[in-house]
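Let's take a walk through this one together, with an eye on rings and on what gets packed inside. Have the structure open as you read.

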Amino acid sequence: MKQVLHVFQLFVWVIAISAMVEASYAAPNWTQLARKVGISETEAERLQAIAALRADTKLSSNLIAALDSDNRLLALDVIVALSMREMVPELLSRITSDEDGFLTLNLNALLEEKNKDLIFSRYQEILKPAEIAQLSPAAIVAMLEPLGRAGFVLPRASVDELFRQAFPEVRAAVIYYVRMLALRHSRRDHVRVLSEALRAGEFQIRLQAISTLLELTRSSGRPPVTREKLTRRCEKESHPKVKRQCFWILDNPGSVP
Amino acid sequence: MRRLLAFWLLLVLGVSVVEAKPKTTAVAKPPPKPKAMAVIKPQPKAKVTVKPVVRSEECDRFYRALYRKPVINIRVVFGYKDTRPGRFVGDRHERLAFVQRILKPCVNGQACGFTRGPQNTDLFIKMLPQPNGKRTRIQLWVAHSAVGSDDIENRRDPFQNWQSRYASDAFFSGLTKADVVLYNGHSRFGGGPDFTPPRLTPGNGIETSYYQDERPGFAHAIDTLEAEVLLTGRAGRLKMLGLFSCASSQHFSDELKKTAKVGVLSSQHLMYHGDALESSLGALSGLLERQCKSDLANSIRSGQPMRAMNIEGAL
């Protein structure tokens, strides 16, 4: 009887060890490959990882499950690297719980002509004044940028509410949005926000507004403000360091070489 | 197939092991009889030994120096995080994710519970209770480099000039004026830290030779640290420099150790952006919790498999 027990115990050990041996030889799972998509020594290694991910028949279901797990960032990287646009509805359904904004950023990376209306209309819907409170500042910032780049004009009530948000990063993103609308699409619908930004408590917001107004003044036949007015605004800065930076912006309007 | 092979191999080995065992039934001995009069000694109670927290002298010295003044200046600077060949630039968003975390009420650790000043979007304050009952003011400056998420647009945006200059100043002036500086960005092949859109080749790739040969960011950092020693005759205020960038150990830490007596946190590996973010938060928390080397190493390791970062010159 004891012998039978020994053999049985041994059998269990054999099964366990053989599984371990198998695992050590097994192909890397999708998370290991995803890391290589994000960071790899060579482009060839990255492409190899992408090819292996494409061959994984369970990838879609694994990624959907991972979107609600600790592997969320890896899943998002894979979705974008493989241009899995069929995942857009899955991502849109999670946008209101996008705490760090990375889901929205990856959604932006999947934008194309075909799905643009679907994505932007959802953005517009959740950027309504009554809905904004449920969004993280990071997700709002991520949404505003492609809207500005595409020339999508949000209603005035939404923009005003966004510019009332406590997070200065959201207000900075509104200025960026207004800049893109005006410069790339000649839409001046929300330029008034910039005047408000000149009175902001945070010096970074004031300087960004001055830079944007200066840029609009230079690029447009109908400048929203004169350079003289901006100079006067710089003179008003009480903190000497901020004042210096303000004049630096006025004197260095060129773009990055 | 491999599983089958492994299975049979182990089965054969297992059977031979069974056969090699002495046949217990043939030589079975009766179990020893209990000694009737044996005094049963009570088992001594297992001693519960609390392992004392071993804090090295080096660790204590580091924190005594760090907490000597009532205000600690910490800077976390996100470098320009382009994703070439893609257009996306991530540092503005990574910084915001970092900021959201440090503004949350504390549940675990100390990278939390900060409040933001009304006049500076990048300045965060926290009053940290100390063992002696006093409170230390933690001034945390968190800066980023990119004005937007699109590299091509950033290059056309005049405000990018200002933003890069601002982030660069936050980092380089921090080397002499701050107690702790953490950089989260690209190593640029040894030419980082870098706060500007990268220099490109005519084919729009990154001009690696420029970064490898000129080492603009690192040379500036070394010059700044050396100048401090030369001008003041002593090391600056800096006590810890964290470089959360790819292979920063190989690129930077040897020369840094030669130049300045500061603690250096660096990575031997390529760093995934999510891991770098978590490790930066871990470092902030660990330093505010006065963690010594092994605990801090745990706080800043990340990834799957977990990858440790190097801690040198302190703790």
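A good place to start is B:Arg199, which lies over the face of B:Tyr210, 3.8 Å from the centre of the ring. Keep in mind that what you're looking at is a predicted model. Another arginine does something of this kind across two chains: the charged end of B:Arg92 sits over the ring of A:Tyr176, at 5.6 Å from its centre.

Now for rings meeting rings. Over all chains, the structure holds 16 aromatic pairs. Take B:Phe218 and B:Phe252: their pair is tilted, with 5.0 Å from centre to centre and 40 degrees between the planes. What does this pair tie together? B:Phe218 belongs to helix H7 (residues 216–232) of chain B, while B:Phe252 belongs to helix H8 (residues 248–259) of chain B, so the pair links parts that are 34 residues apart in sequence. Both B:Phe218 and B:Phe252 are buried.

Rings also gather in a bigger group. A:Phe203 joins B:Trp141, B:Phe159, B:Trp162 and B:Tyr166 in one aromatic cluster.

Finally, let's go inside. The largest nonpolar core counts 149 residues, and A:Trp30 and B:Phe171 are the ones with the most contacts within it. Which element gives this core its largest share? That would be helix H11 (residues 168–185) of chain A, which supplies 9 residues.

Stay with B:Phe171 for a moment. Setting aside neighbours within four places in sequence, B:Phe171 touches B:Val77, B:Val181, B:Tyr183, B:Pro193, B:Phe195, B:Ala221 and B:Leu241.

Note on methods:
Residues are numbered from 1 along each chain as its sequence is written. Chains are lettered from A and ligands numbered from 1 in the order in which they are written. This is a predicted model: local features need pLDDT of at least 70, side-chain atom pairs count only at pLDDT 80 or more; totals for chains, interfaces and linings use all residues. Side-chain values use heavy atoms; hydrogens and water are left out. A nonpolar core is a set of buried Ala, Val, Leu, Ile, Met, Phe, Trp, Tyr and Cys residues joined through side-chain atoms within 4.5 Å. Buried means under 20% relative accessible area, exposed over 50%, partly exposed in between (1.4 Å probe, protein chains only). Helices (H or I, at least four residues) and strands (E, at least two) are DSSP runs, numbered from the N terminus. Contact means heavy atoms within 4.5 Å. Rings of Phe, Tyr and Trp (its six-membered ring) pair if their centres lie within 6.5 Å; planes under 30 degrees apart count as stacked, over 60 as edge-to-face and the rest as tilted. A charge sits over a ring if NZ of Lys or CZ of Arg is within 6 Å of the ring centre and within 35 degrees of the ring normal.
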